[in-house]
Amino acid sequence: MASQAAKVLSIAKAEEGYKEGFSGGHWNNHEKYADQVPGMSWVSAGEYPWCALFVSWVALKAGVADLFPRSASCAYGVNWFRQKGRWSWYPAIGAQVFFGKDGGTHTGIVVAYDADTITTVEGNTNTDGSPEGNGVYVRKRNRRDANTYGYGLPAFVEGVTTADPSLKGKAGYSYAAKASAPAGSSTASHAKPSSAKTKTVTVKAGQTLGVIAASAGVTLAVVLGLNPGIKNPDVVHPGDKVTVPASAPKTSSTPKAKTTAKPKATPKASTKPQCK
């Protein structure tokens with residue numbers, strides 16, 4: 001069964017290339033997502049920016065609507081994650097990334113990251129350098145760009161793979177300096193656990209499943225896929241037996257964006273309302 005993060009990324013990536021309506025010689029912010037999210041039809045009807053709405057739609061379709069804010073406001077999304085104690089300045093797989101001043105300008109979903117970049121799926125953006133967004137695209141951005149603000153970390157049941165060193169070893173988190181989409185998403189390129197050689201390890205006092213996954217060189221999602229009997233990744237006991245890959249599976253490099261990303265393409269022309 002695909003992890004929650006894998007479902008989110010698979011659904012988001014499948015929308016790549018979708019474009020909003022075009023009329024009167026310009027893109028008009030009319031899109032298909034607003035009418036499919038309860039209470040949000042006003043976004044399309046009012047021709048408002050829809051980057052945050054796109055994330056809400058993806059979460060709804062992935063069955064994890066309660067793990068992401070339902071809003072068309074990026075600023076609301078930042079506060080939503082902060083209030084839940086799920087905010088980080090470091091990227092994570094499946095995280096909602098926020099851009100611009102105080103994170104209130106634009107948003108998307110993180111597909112992959114390394115020491116310098118993040119790869120994202122974003123709605124209401126473009127790849128041609130224009131300030132006017134027009135559709136859903138895969139983007140590759142600099143992590144330390146002044147426009148990259150921070151990240152909301154959804155409470156995925158399998159845990160979160162993150163570059164945040166302060167979360168290393170904590171229940172529900174798996175630290176990785178570099179990571180890409182988990183197995184089961186359309187952007188994944190990990191070796192399948194079922195075909196890889198495995199070994200059994202015994203849980204020691206103080207160990208979490210995230211720590212065991214990190215020691216094996218894999219994500220928590222991979223370990224959960226090998227141990228379907230574990231229903232709650234936060235609950236393991238000393239003496240429990242856990243199956244892990246005998247060696248860390250090889251992964252490909254960060255997924256390619258559709259085209260080479262141009263810097264700082266903000267979602268809309270200045271004549272249209274910002275995502276605040």
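Thr107 is buried, at 0% relative accessibility. Keep in mind that this is a predicted model. Thr107 sits in strand S5. What does its side chain touch? There is a polar contact with the side chain of Gln96, at 3.1 Å. There is also a backbone partner: the oxygen of Val97 lies 2.7 Å from a polar atom of the Thr107 side chain.

Now the wider surroundings of Thr107. Set aside neighbours within four places in sequence. The contacts then include Cys51, Ala52, Val55 and Cys74. Gln96 and Val97 are on that list too, along with Phe98 and Phe99. So is Glu122. Hold on to Glu122, please.

Next, the salt bridges. How many are there? The count comes to 5. I will take three of them.

Start with Glu122. Its salt-bridge partner is Arg141, and the closest N and O atoms are 2.7 Å apart. Arg141 belongs to strand S7 and Glu122 to strand S6, so this pair ties together parts that are 19 residues apart in sequence. Buried or exposed? Glu122 counts as buried, because its relative accessibility is 0%. Arg141 counts as buried as well, at 8%. The cut-off for buried is under 20% relative accessible area. So here is a salt bridge with Arg141 buried and Glu122 buried. And Glu122 is the residue that also contacts Thr107.

Second pair: Arg144 and Asp116. Their closest N and O atoms are 3.8 Å apart. Where do they sit? Arg144 is in the loop between strand S7 (135–142) and strand S8 (148–152), while Asp116 is in the loop between strand S5 (106–113) and strand S6 (117–125), so the bridge ties together parts that are 28 residues apart in sequence. Arg144 is exposed, at 61% relative accessibility. Asp116 is exposed too, at 51%. The cut-off for exposed is over 50%.

Third pair: Asp102 and Lys101. The closest N and O atoms are 3.9 Å apart. A salt bridge here requires the nitrogen to be within 4 Å of the carboxyl oxygen. Lys101 is exposed, with a relative accessible area of 69%. Asp102 is partly exposed, at 47%.

Moving on to another acidic residue, Glu20. This one is in the loop between helix H1 (4–14) and strand S1 (22–23). Glu20 counts as buried, because its relative accessibility is 4%. What does the Glu20 side chain pair with? One partner is the side chain of Trp50, in a polar contact at 2.7 Å. Another is a backbone atom: the nitrogen of Asn29 lies 3.0 Å from a polar atom of the Glu20 side chain.

Last stop, Val242. This residue lies in strand S12, residues 241–245. Val242 is buried, with a relative accessible area of 1%. Which residues does Val242 contact, beyond four places in sequence? Lys199, Thr200, Val201 and Val203 are among them. Leu209, Ile212, Val223 and Asn227 are also on the list. Look at Val201 in particular. Val201 and Val242 are 41 residues apart along the chain, and their C-alpha atoms are separated by 5.3 Å.

To recap. Thr107 is buried, with its side chain in polar contact with Gln96 and 2.7 Å from the backbone oxygen of Val97. Arg141 and Glu122 join strands S7 and S6. Arg144 and Asp116 join two loops. Glu20 reaches the side chain of Trp50 and the backbone nitrogen of Asn29. Val242 in strand S12 has Val201 among its contacts.

Notes: Residues are numbered from 1 along each chain as its sequence is written. This is a predicted model: local features need pLDDT of at least 70, side-chain atom pairs count only at pLDDT 80 or more; totals for chains, interfaces and linings use all residues. Side-chain values use heavy atoms; hydrogens and water are left out. Helices (H or I, at least four residues) and strands (E, at least two) are DSSP runs, numbered from the N terminus. Buried means under 20% relative accessible area, exposed over 50%, partly exposed in between (1.4 Å probe, protein chains only). Contact means heavy atoms within 4.5 Å. A salt bridge is a side-chain nitrogen of Lys or Arg within 4 Å of a carboxyl oxygen of Asp or Glu. A polar contact is a pair of N or O atoms within 3.5 Å; within protein, one must be able to donate a hydrogen and the other to accept it, and residues adjacent in sequence count only if both atoms are side-chain atoms.
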